[in-house]
Amino acid sequence: MTACPLPALRGPRLALATLLMALAAAAGLTACHGDTEVHAAYMCPMECEGDKRYPEPGTCPVCGMDLVEVQQ
Ligand SMILES: [Zn+2]
């Protein structure tokens, strides 16, 4: 008699796969959430203060020009 054990295993394995997928999705969501935190920076287009960058848009305190956003 050859009773196949697969039907008995299918249930738990499916549950485990579902759990793993849920975990992966949760991890992916967490990673995505971290990625959405954009580290924008602004600096004077004339580079009056060299590489100095500002965390928010505004105008250069030296020349008064609008700060430009730089991608990091
Ligand atoms: Zn400037």
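Confidence in this predicted model is lowest in helix α1 (residues 6-35), at a mean of 68. It peaks in β1, where the mean is 95. Across the protein, pLDDT averages 79. A score of at least 70 is reached by 71% of the residues.

**Architecture**
- The protein has one helix and two strands.
- Their order along the sequence is α-β-β.
- The helix, α1, covers residues 6-35.
- Strand β1 spans 41-43, and β2 spans 68-70.

**Burial and contacts**
- The protein has 72 residues, of which 3% count as buried.
- Contacts between residues at least 6 apart in sequence were also examined by range. Of these, 25% join residues at least 24 apart.

**Glu47**
- Glu47 sits in the loop between β1 and β2.
- Its phi is positive, about 55°, although Glu47 is not a glycine.
- Most residues other than glycine have a negative phi.
- Glu47 is exposed because 12 other C-beta atoms lie within 10 Å, and the exposed class takes in residues with 12 or fewer.

**Glu56**
- The loop between β1 (41-43) and β2 (68-70) also holds Glu56.
- Glu56 has 8 C-beta neighbours inside 10 Å, so it counts as exposed.
- Glu56 and Val68 are separated by 12 residues in sequence. Their C-alpha atoms are 9.8 Å apart in space.

**Points to keep in view**
- Helix α1 has the lowest confidence in the protein, with a mean of 68.
- Glu47 combines a positive phi with an exposed position.
- Glu56 is likewise exposed, and its place is in the loop between β1 and β2.

Terms used:
Residues numbered from 1 in each chain as written. Predicted model: local features only at pLDDT ≥ 70, side-chain atom pairs only at ≥ 80, totals over all residues. Helix = DSSP H or I, 4+ residues; strand = E, 2+ residues; numbered from the N terminus. Buried ≥ 20, exposed ≤ 12 C-beta atoms within 10 Å, placed from the backbone. Contact = placed C-beta atoms within 7 Å. pLDDT = per-residue confidence, 0-100.
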